[in-house]
Amino acid sequence: MSPRRGRVTLMEYQRLLDCLSANFNRLRQLASSTDPIAPVPSCPEWTVDDLVRHVAEVYQHKTECIRQGTFPRPWPPDTSAEPALTLLDRAYAALTGEFAARPPQAPAATWFDPDQTVGFWIRRMAQATLIHRVDAELAAGAPIEPISEELAVDGIDEVLERFLGYRSQRWAEDFKPSLPDHDLPPVLVATDGFGWLVRATPDGASIEVATPRAEAPASVNGDPVPLLLWLWRRRTDGVEIDGDRELIDKLRALLHDATQ
């Protein structure tokens, strides 16, 4: 691991690619052995077939963001006639082909203005594939296999800094129902050696890197993996919630807007 893009210690790109490969293979294995019309408990409107097609479409979209250097229009393409697993394999091959052909510093269109590089999508796709792998495990009724704590810490930082912090400030209108009418005290989100103070304001959420023992009127603590899954609303167990429940509920509402 090495310092990169400033806030916490983040993962090397090759390690992210290794995690992407492992979690894709787990997701695909589960999808191929589960009834395609089985519901996905963590995404109540989806079946397994919907999940597979969603992941494939995400891979296709990021591939075009890299190839074209802009967001593809129109989108999405009509792939309804293609079997879901065939589509998934084709989309994954195209995505990883682009990752292999370009350095992480190469330009790519992203929704995060400070980082317009292929490396942004390597990190994002590694994290997205992990979360959807968990969705597939839940749909299959399978145990959640071990998750890299290194990847989980990286994912906690990403969802707080980029999905919650950046998005709620950049597109505050999408968060308006959940934003307060005045600045609120912070919630401490903490895991092994890392902490983040999350402050809800009328203009969005601000995220401040802190010690895991920083003072705050409310806190969410846990090992990296259960904490990551709690933030992404995939699991509710394995974390310790302490202090002002209204502040915790506000954080949950903002996370719902950030990650839906």
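The following paragraphs describe the pockets, helices, buried residues and backbone features of a predicted model.

Residues are numbered from 1 along each chain as its sequence is written, and side-chain values use heavy atoms, with hydrogens and water left out. Because the model is predicted, local features need pLDDT of at least 70 and side-chain atom pairs count only at pLDDT 80 or more, whereas totals for chains, interfaces and linings use all residues.

A good place to begin is the open space. The search ran on a 1 Å grid over the protein atoms alone; a pocket is an open set of points with protein on both sides within 12 Å along at least five of seven lines, a cavity is a set of points where a 1.4 Å probe fits but cannot get out, and lining residues have an atom within 4 Å of a point. Grid points are joined across faces, edges and corners, and a volume is the space filled by probe spheres set on the points. The largest pocket holds about 900 Å³ of space. Its lining comprises 30 residues, and those nearest the centre are His 54, Arg 167, Trp 232, Thr 259 and Gln 260. At least two lining residues each come from helix 2 (48–68), helix 4 (118–140), helix 5 (149–170) and helix 7 (245–259); helices (H or I, at least four residues) and strands (E, at least two) are DSSP runs, numbered from the N terminus. Helix 4 contributes the most to this lining, with six residues. By class, the lining has 15 nonpolar, seven polar and eight charged residues, where Ala, Val, Leu, Ile, Met, Phe, Trp, Tyr, Cys and Pro count as nonpolar, Asp, Glu, Lys and Arg as charged, and the others, Gly among them, as polar.

Turning to closed space, one cavity of 30 Å³ or more is found in the whole structure, and the largest cavity holds about 60 Å³. Leu 184, Pro 185, Val 187, Val 198, Arg 199, Ala 200, Leu 247, Lys 250, Leu 251 and Leu 254 form its lining. Strand 4 (194–201) and helix 7 are the elements that give two or more residues to it, with helix 7 providing the largest share, four residues. Eight residues of the cavity lining are nonpolar, none is polar and two are charged.

Helix 4, already met at the pocket, has 21 of its 23 residues buried, so it is largely enclosed by the rest of the structure; buried means under 20% relative accessible area, exposed over 50%, and partly exposed in between (1.4 Å probe, protein chains only). Its end C-alpha atoms lie 32 Å apart, in agreement with the 33 Å expected at 1.5 Å a residue, the expected span being 1.5 Å times one less than the number of residues. Gly 141 follows helix 4 and has a positive phi, near 70°.

Helix 3 (residues 84–101) reaches 26 Å from its first C-alpha to its last over 18 residues, close to the 26 Å expected. Its buried residues are Ala 84, Leu 87, Leu 88, Ala 91, Tyr 92, Leu 95, Glu 98 and Phe 99. These cover an arc of only 125° around the axis, which puts them on the same side of helix 3; the arc is that of the directions from the helix axis to the C-beta atoms. An α-helix has 3.6 residues a turn, so residues three or four places apart point the same way. The exposed residues Ala 100 and Ala 101 sit on the face of helix 3 turned away from its buried side. Helix 1 (13–33), helix 2 and helix 4 are among what covers the buried residues of helix 3.

One residue of helix 2 is Ala 56, which counts as buried at 0% relative accessibility. Beyond its neighbours within four places in sequence, Ala 56 is in contact (heavy atoms within 4.5 Å) with Leu 87, Leu 88 and Ala 91. The C-alpha atoms of Ala 56 and Leu 85 are separated by 8.6 Å, although the two residues are 29 residues apart along the chain.

Some backbone details complete the picture. The loop between helix 2 and helix 3 contains Pro 74 and Pro 76. The peptide bond from Arg 73 to Pro 74 is cis, with omega near -5°, and a cis bond also joins Trp 75 and Pro 76, with omega about 0°. Arg 233, in the loop between helix 6 (224–231) and strand 7 (239–243), has a positive phi near 65° in a residue other than glycine. Arg 233 is partly exposed, with a relative accessible area of 28%.
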